[in-house]
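Work through the exercises below with the sequence and the coordinates open beside you. Each task is followed by a solution that goes step by step.

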Amino acid sequence: MATPTTGANGSQAKNGSTKNFGATFSPGFTVNVNANRTNTGMPFQQGGQAGGQTRAEHLLPAPEFTSPAQVRNYCNSLRAAAVTLSIEVAMGAEILKGVLAAVPDPEGRPFGSRVRAAKVARKMNKAADELRSAAKNAAACYATFQQEFEEEINRVRHRARKPQQPAINWAQQ
């Protein structure tokens with residue numbers, strides 16, 4: 001009978017076979033867990049403040065509209081935040097629906113818990129749809145701005161200097 005062999009992961013083959021079908025693979029990795037706590041002791045996601053600003057204030061730049069670039073930046077930031085939030089809310093609605101569907105119906109109706117869960121999740125799905133609409137309207141806002149103020153934008157645009165390309169200094173070798 002052959003002696004058991006030790007595999008690369010430390011498992012031993014059984015019954016003398018050299019094949020290692022029962023071997024497991026578990027690479028070493030480290031999990032770091034950080035608790036986001038502030039001076040108030042409230043978690044950051046539950047309304048705690050970070051640096052004097054709430055979490056919502058970090059999603060958008062300051063509403064300063066002194067140039068077309070700032071209007072574009074604000075609209076793009078709003079669109080990106082609304083799209084991200086709509087996806088998060090839609091996922092939350094599905095999770096909520098699944099959790100509530102597991103609660104037994106008090107009257108014992110078949111599929112009663114699923115119907116009740118769908119009614120509740122429908123409102124959250126509507127919120128996700130409205131966030132998608134907000135993203136579309138933010139993109140449309142900048143497009144409308146460009147259309148309505150095209151004359152003013154073009155008046156300034158032609159006066160802007162074109163960037164000079166660096167010249168090659170042939171003397172420096």
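Helices (H or I, at least four residues) and strands (E, at least two) are taken as DSSP runs and numbered from the N terminus. The model is predicted, so that local features need pLDDT of at least 70 and side-chain atom pairs count only at pLDDT 80 or more, whereas totals for chains, interfaces and linings use all residues. Residues are numbered from 1 along each chain as its sequence is written, and side-chain values use heavy atoms, with hydrogens and water left out.

**Exercise 1.** Determine how the axes of helix 1 and helix 2 are arranged, and classify the residues of their contact.

Solution. Axes are lines fitted to C-alpha atoms, for helices over the stretch in contact, and angles run from 0 to 180 degrees between N-to-C directions. The axes of helix 1 (residues 68-101) and helix 2 (residues 112-148) cross at roughly 170° and come within 8 Å. Helix 1 is therefore roughly antiparallel to helix 2, given that angles under 35 degrees count as roughly parallel, over 145 as roughly antiparallel, 65 to 115 as roughly perpendicular and the rest as oblique. In the contact of the two helices there are 28 nonpolar, four polar and six charged residues, where Ala, Val, Leu, Ile, Met, Phe, Trp, Tyr, Cys and Pro count as nonpolar, Asp, Glu, Lys and Arg as charged, and the others, Gly among them, as polar.

**Exercise 2.** Identify the salt bridge between two residues of helix 2, and state how far apart they are along the helix.

Solution. A salt bridge requires a side-chain nitrogen of Lys or Arg within 4 Å of a carboxyl oxygen of Asp or Glu. The side chains of Asp-129 and Arg-132 satisfy this at 2.2 Å, N to O. Because they are three residues apart in helix 2, about one helical turn separates Asp-129 from Arg-132. Asp-129 is partly exposed at 38% relative accessibility, and Arg-132 is likewise partly exposed at 36% (buried means under 20% relative accessible area, exposed over 50%, partly exposed in between, with a 1.4 Å probe and protein chains only).

**Exercise 3.** Which salt bridges does Asp-105 form with Arg-109 and Arg-116, and what does the second pair tie together?

Solution. Asp-105, which is buried at 11% relative accessible area, meets Arg-109 at 3.0 Å, N to O. Asp-105 also meets Arg-116 at 3.8 Å, N to O. Arg-116 lies in helix 2 and Asp-105 in the loop between helix 1 and helix 2, so this pair ties together parts that are 11 residues apart in sequence.
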